[in-house]
Amino acid sequence: MIILAIETSCDETSVAVVRAQGGLKIPKFKVLANIVLSQIKTHAKWGGVVPSLAKREHAKNLIPILEKALKQSKLFANSKSQITNYKQISNSKLKILNKILSREPELLKQFLEFMPKIKTPKINAIAVTVGPGLEPALWVGINFAKALSLVWNKPIIAVNHMEGHIAAVLLQNSGIFNFQFPISKQIPNSKFKIPKIRFPAVALLVSGGHTELVLIKNWLDYKIIGETRDDAAGECFDKAARMLGLPYPGGPAVATAAKAGPNHKSQITNYKSKQEIRLPRPMIDSNDYDFSFSGLKTAVLYLLKDLEKKVSKKSDRLKLTPFICKELQQAIIAVLIVKTLRAAKEFKAKTIILGGGVVANKELRKQMKLAVSKNLPTSNLQLPTSIFSTDNAAMIAAAGYLHALKDDCAKPDKLKAQGNLTFK
Ligand code: KG4
Ligand code: ZN
């Protein structure tokens, strides 16, 4: 089965084409194309994602990204009749299309120009993220999926973005196509490992909007056992980075600055020692699986205020940034590891899955690997390949396939954006 997937829940516009086979026991995937266009530059000057700008960028970029994905997966073919304008789409369909894309006039215009030029690609279904995320952004992807479904006559599968982050581990080492590298560097016919996911599994999902622990009894059977009571871990990285004068998104910026720490050791002058740079590990000892990161962000603010009083020169204060970043990163990592291991132990998890943008953090990956091998050697840790950690449509295709195996298709008329969608 070939799935075309669309992801527009936040600030990445992505279209993927994924070949899938096998049953729910051992689903196998090959990523034929995974085109991701980040809007970071658009949002960076605002210090965070602006929903109306995200919606506009998705609408502008979906057709070019679709074209790229179809070409890369070799599913692109010019229409034989070389129909070059929308008048060839039947009147009744045209009427519906105008309605579906009425809120995205730019996308509608590009759609009507592009679609008659190409043959219906050999795909079996269209998977699309319906939530959670920013509703204006989600709607663009959903309406695009509806329009494609109408013209191509293909079923739609509605996908929960967080399930996508879980399913991302199924994509590891798959696919010889990787949009980030030149084709010449790809190894043809590379063997790809099929990850063994044994249940029950516990998943730690850490992204910009979510931090949650999910008990997975089987594919499609998810239960949240703990979640953040306020800010998500990624949000804490992003907000603290802003206070520190680092660019958006804060996670990678803090991680890079933290690496610079030891080199600056000798330069700490007025502030007594780096031992003073100490941040709390919120809820690390609480008897549940919940998290709270807003206090940690506030602690960074107080630390900076204290520094302002004690270290008069700004240039001296800036030399401490790497230490603050290191401590912030470590505080977040420590809480995430302790809670995940505790949950895995209690629920006798055979597999521990990590998912979400924060899993791109190398320190978290390294320390989690160490902690699992030391404390839970019989559990198998599954980490998504870095490119599948942050938002992408290939993971939406993978989650979509799990639903396709149960014939779980959506009724296009009933599809809607669900900003706060959660596991039932
Ligand atoms: O999953 P994701 O791409 O988008 C959402 O669904 O939110 O996650 C984005 C989050 C941002 O908060 C970003 O700062 C964080 O992931 N992130 C990182 C790293 N790369 C991205 N956090 C820590 N270290 C990183 N290397
Ligand atoms: Zn995400």
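In this report a donor is an N, O or S atom within 2.8 Å of the metal, and because water is not among the atoms, a site may look incomplete. The structure is a predicted model, and the account below begins with its metal site before turning to the second ligand and to some details of the backbone.

## The zinc site

With that definition in hand, the zinc ion (ligand 2) has as its protein donors His161 through NE2, His165 through NE2 and Asp391 through OD, which lie 2.1 Å from the ion. Read along the chain, these donors follow the spacing H-x3-H-x225-D. Histidine 165 belongs to helix H6 (residues 161-167), whereas aspartate 391 sits in the loop between strand S10 (380-382) and helix H13 (394-404), so the pair ties together parts that are 226 residues apart in sequence. Are histidine 165 and aspartate 391 buried or exposed? Both of these residues are buried.

## The surroundings of ligand 1

Ligand 1 is surrounded by 19 residues, and the closest of them are Gly208, Asp238, Gly251, Gly357 and Asp391. Aspartate 391 therefore has two roles in this description, since it is a donor of the zinc ion and also one of the closest residues to ligand 1, where a residue counts because one of its heavy atoms lies within 4 Å. Sorted by class, the shell around ligand 1 holds 5 nonpolar, 12 polar and 2 charged residues.

Three glycines each place a polar backbone atom at a short listed distance from an oxygen atom of ligand 1, as the table sets out.

| Glycine | Partner | Distance |
|---|---|---|
| Glycine 234, polar backbone atom | oxygen atom of ligand 1 | 3.2 Å |
| Glycine 251, backbone N or O atom | oxygen atom of ligand 1 | 3.0 Å |
| Glycine 357, polar backbone atom | oxygen atom of ligand 1 | 3.0 Å |

Taken alone, ligand 1 exposes 550 Å², and the protein buries 88% of that area. The elements that contribute two or more residues to the shell around ligand 1 are H6, helix H7 (233-243) and helix H8 (250-259).

## The two sides of helix H8

Within H8, the residues Gly250, Gly251, Ala253, Val254, Ala257 and Ala258 are buried. They cover an arc of only 165° around the axis, which puts them on the same side of H8. The face of H8 that is turned away from this buried side carries the exposed residues Thr256 and Lys259.

## Details of the backbone

Two peptide bonds that lead into prolines are cis. One of them joins glycine 131 and proline 132, with omega about -10°, and proline 132 has its place in the loop between strand S4 (125-131) and helix H5 (135-152). The other runs from tyrosine 248 to proline 249, with omega near -5°, and proline 249 is placed in the loop between H7 and H8.

Where is asparagine 153 found? Asparagine 153 is in the loop between H5 and strand S5 (156-160), and although it is not a glycine, it has a positive phi of about 65°. At 63% relative accessibility, asparagine 153 counts as exposed, because the word applies over 50%. Methionine 283, which is likewise not a glycine, has a positive phi of about 60°, and it is found in the loop between H8 and helix H9 (294-310).

Lysine 406 lies in the segment after H13 and is exposed, with a relative accessible area of 53%. Lysine 406 and leucine 220 are 186 residues apart in sequence, yet from C-alpha to C-alpha they are 9.5 Å apart in space.

Terms used
Residues are numbered from 1 along each chain as its sequence is written. Chains are lettered from A and ligands numbered from 1 in the order in which they are written. This is a predicted model: local features need pLDDT of at least 70, side-chain atom pairs count only at pLDDT 80 or more; totals for chains, interfaces and linings use all residues. Side-chain values use heavy atoms; hydrogens and water are left out. Donors are N, O and S atoms within 2.8 Å of the metal (3.2 Å for Na, K and Ca); water is not among the atoms, so sites may look incomplete. Helices (H or I, at least four residues) and strands (E, at least two) are DSSP runs, numbered from the N terminus. Buried means under 20% relative accessible area, exposed over 50%, partly exposed in between (1.4 Å probe, protein chains only). A polar contact is a pair of N or O atoms within 3.5 Å; within protein, one must be able to donate a hydrogen and the other to accept it, and residues adjacent in sequence count only if both atoms are side-chain atoms. Accessible areas come from the Shrake-Rupley method with a 1.4 Å probe; for residues, only the protein chains shown count as cover. Ala, Val, Leu, Ile, Met, Phe, Trp, Tyr, Cys and Pro count as nonpolar, Asp, Glu, Lys and Arg as charged, and the others, Gly among them, as polar. The arc is that of the directions from the helix axis to the C-beta atoms.
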